Each structure stands twice: as structure tokens, then as C-alpha cells.
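This briefing sets out selected features of the structure shown below, grouped by topic for reference.

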Amino acid sequence: MESTYLDRSLEVPLREAVSQFPAVVLTGPRQSGKTTLLQKILGDTHQYVSLEAPDVRLVAVTDPRAFLAAFPPPVVLDEVQHASQLLPYIKESIDSNRNAKGQYVLSGSQNLLLLGRVTETLAGRTAVLRLYPMSLREIAGMSARALPWETGPRGREAGREQSLPDTWTAIVRGSYPELISEPSRPFRPWYEGYVQTYLERDVRDIRNVGDLTAFQTFIRALAARTARLLNLSEVGREVGITSATARAWLSVLEATSLVFLLRPYHTNVGKRLVKTPKLYFTDTGLVCHLVGIHDREHAMLGPMRGQLFETLVVSEVYKTLAHRGFQPRVHFWRTSHGVEIDLVVETEGGLVPIEAKTSATPHPRAATSIRSFRQDVGERVLPGFVVHPGNVTLPLGAEATALPLASL
């Protein structure tokens, strides 16, 4: 897929999972680099079979035993959601040699179908990993870089800044590997083709959406609401669909890993807290394409400036944690009076609050919400960070540090 291989954080969890489980599932958005990663890591040990080709898929669906006999383990079965009938036979094969590790590696871009069947059929036999578009660390070639609050071996590089492109250029161009590996490639036609392929293939395969034009309008309406509280009833009225349809269509976007939801962090405090989730896209370039932002000036100066920068910051932390092989334990915090923390990261040592601010000149008042959060929640709250697009690191009192995006 890419012209050159790009360093991916998920390499280590993938190697570990293959050495520890009979089966491994790798899922993530279309074009996030799954096939390239699998061929790079497992090309010498596993044969590779794609189930996207109609003739291969036909054999897998009509004669699963013969198909698995023709491609015995260790094997990578890509786009396996096209032949989910294979799963019971894969289970049978695994159970005949349960102690063998890394027998089957299953990959696909649609985790709604794929993971639903996997959890039923291969329970206890498989590890599930997700590969998203590239994080800033991966783009900078520093995939093992620590998050700022971490200590120990992973934290030794915490003071090193990443070599990154201009923030607003990066936001508009996005982080899909193909665009990163080919920096001179025009990105507008790429995203146009991406959206069209997504609509015609992934959406139709997952759910029988009769009106793809309305679905595309729905995606665009959500893109305009990235980094905002999600009101599906409002979105439904805008698009002209019911709330039930809006929920069903949102599940498609979550299933294909184009978006994720942050749930609010709740604790026993006296204030009323907002319970509505916030929506984020996993790639800012896709957001910009969907809402019609095609240059850095429009992104930097337009009305979505804050939403785009917050989406970049939150998705960076989310992808960094997910690419370590774990489900990110992240939330946001907001009171009914509007006091909000963009991101609350649960760690073993406590809660790390993070605010995204577009001003490159941090001021102590930027940490006001972090101070309020600490007052309400108490000693579990660790010193937080105000992430900005500038180049200065400075303390904002005892509760927070202003941190350049390149140091996140």
C-alpha cells in the first residue's frame, strides 16, 4: 500500500499477541496500514491470503474445510469479514492443536461484523488489536516515545520533541500512511476516493443503507461536530432521518473505526455533570475534507480552528494508547455549568487532565479548568497539561504545564 514502510507502534503488541494466542484479530479503518504491517511483521512466517477477491471468497464460503486445508496455519486471512463462515472451522482447527500459537491472524476493516462473530466463536482463543491512522510519534519515527506523564523506560525520551510538519498543514493533510509516505501526493483526490470507496463497500457490507447520499450527509454533519457533545436527535433532524437511524449509522462509523466516543468521567462530587458523550474522528484530514477545509489558512483561521486542534490532541493520545494493544481508558469532564476538561486519562497513578488550546502563547488562566477539576475530584488528579501549537514549555502553577504539541 505505501511506497515505503513506516514505523508503527503496534509492531510490538502484534508480535507479542502472535506468540501468546492461537489467533489474533487486527482491525481498523480502511487504508490504515493493516496489510502492510502484517506483511512486514509476518511475511517470513505466515502465508497471506486476501478474501476480497470474489473467486477466493467463493471457495471460502462454499467449502470452508477445503479452503483451510489449502491454506493451513500459520496463515494471515485478510478481509475475513467477507467469509465469516470460516470462523467455526477456524475454531475447530485451533482446538485440534490448542497449544500452537499464532496459527491464524485475521484482519479486516469492519469490526462490527468481524468482532461480533469472533467474540462468539473464538472466545478465549484470540487477541484483538486495532490499527488507526498514524499518530504524531509514528510520523516522526519515534513510535516508542513516552507520553509526558509517564516514567520509567518509556519515559526516558519525554524531553525530546518530535520533528513534525506545520500543525495546521498536518491537520488538513491528515495521518493516513499512504499520504504520509508520499508527501507530494495531492490529498484532495485521495480523500474523495476514500469516501466513495468507504460508502460503496464498507457501508453497504455492514448495513443495508438504502440512501448513500443521506448517509454521506450524515457523515458530514458529524464531521462538523467533531470534539463536541453528540446530540443525535439534532443530527437526525438536520439530515432528515430518525434518531434510531442516526444511532444505527453512528454504529457503522464506530465499527469501521472512523470515529470514537469519549464518555464523561463521573465521580461523587456535588455538581451536576454532563452525561452526553463527545464525538471525535480518528483523522483530522478526513474531517477537513468532509467539511470543505482544503488549506492550512482555512483550518487555522476558520470557525472550526478549536475543534480541529482538540481532535488532533485527543486522537493523538487515543491512538498512542490503542497502538500499545490496549483499550484506551480516557474520558472528558464537564459540569452542567460548562467547566470542562477536554481529556482525562486514567493511569495507575491517578487521573491526568489535558486541555487543548489553540493559542501559541499560554497564559496561567488556560489551566483554570484543570484547577477546578482538581478541587472537585481531589488528590487522584495528577498535574495536568495544556497542549498548544506553539514552541514553549512553561509551568502554569502547581497544577499544570503548558506543553507544545511536538512534546505531547
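His289 is buried, its relative accessible area being 12%. The model discussed here is a predicted one. The points below begin with the surroundings of His289, continue to a helix pair and a loop residue, and end with the sheet.

**His289 and its surroundings**

- His289 belongs to helix H14, which covers residues 284–291.
- The value of 12% falls under the 20% limit, so His289 is classed as buried.
- When neighbours within four places in sequence are set aside, the contacts of His289 are Arg188, Tyr191, Glu192, Val195, Arg220 and His294.

**Helices H14 and H16**

- Helix H16 comprises 18 residues, 305–322, and spans 26 Å from its first C-alpha to its last, close to the 26 Å expected at 1.5 Å a residue.
- Of the 18 residues of H16, 16 are buried, so the helix is largely enclosed by the rest of the structure.
- The axes of H14 and H16 come within 10 Å of each other and cross at roughly 155°.
- This crossing angle makes H14 roughly antiparallel to H16, because angles over 145 degrees are counted in that class.
- The crossing of the two helices, H14 and H16, is right-handed.
- On the H14 side, Thr284, Val287 and Cys288 take part, and they meet Leu308, Thr311 and Leu312 of H16.

**Thr226 in a loop**

- Thr226 sits in the loop that lies between helix H11 (212–223) and strand E6 (228–229).
- Thr226 is buried, with a relative accessible area of 0%.
- Neighbours within four places in sequence aside, Thr226 is in contact with Leu279, Tyr280, Phe281, Val287, Met304, Gln307 and Thr311.
- Among these contacts of Thr226 are Val287 and Thr311, residues that also appear in the meeting of H14 with H16.

**The sheet and its strand order**

- An open sheet is formed by 5 strands in the order E2-E3-E4-E1-E5, with parallel pairing.
- Strand E2 (47–50) and strand E5 (126–130) stand at the edges with a single partner strand each, so one side of each has no neighbour in the sheet.
- From one strand to the next, the twist averages 15°.
- Helix H1 (residues 11–20) packs on the sheet, where it touches E1, E4 and E5, and its direction makes about 170° with that of E5.
- Helix H2 (residues 34–42) also packs on the sheet, touching E1, E2, strand E3 (75–78) and E4; the direction of H2 makes about 160° with that of E4.

**Strand E1 within the sheet**

- Strand E1 (residues 23–27) runs parallel to strand E4 (residues 104–108), and 5 bridges join the two.
- Within this pairing, Thr27 of E1 stands opposite Gly108 in E4.
- E1 also pairs with E5 over 5 bridges, again in the parallel sense.
- The bridge partner of Val24 in E5 is Ala127.
- E1 is mostly covered, since 5 of its 5 residues are buried.
- In a regular strand, side chains alternate between the two faces of the sheet.
- In E1, Ala23, Val25 and Thr27 point one way, whereas Val24 and Leu26 point the other way, and all are buried.

Key: Residues are numbered from 1 along each chain as its sequence is written. This is a predicted model: local features need pLDDT of at least 70, side-chain atom pairs count only at pLDDT 80 or more; totals for chains, interfaces and linings use all residues. Side-chain values use heavy atoms; hydrogens and water are left out. Two strands pair if DSSP finds at least two bridges between them. Helices (H or I, at least four residues) and strands (E, at least two) are DSSP runs, numbered from the N terminus. Axes are lines fitted to C-alpha atoms, for helices over the stretch in contact, and angles run from 0 to 180 degrees between N-to-C directions. Contact means heavy atoms within 4.5 Å. Buried means under 20% relative accessible area, exposed over 50%, partly exposed in between (1.4 Å probe, protein chains only). The expected span of a helix is 1.5 Å times one less than its number of residues. Angles under 35 degrees count as roughly parallel, over 145 as roughly antiparallel, 65 to 115 as roughly perpendicular and the rest as oblique. A crossing is left-handed if the near helix is turned anticlockwise from the far one by less than a right angle, and right-handed if clockwise.
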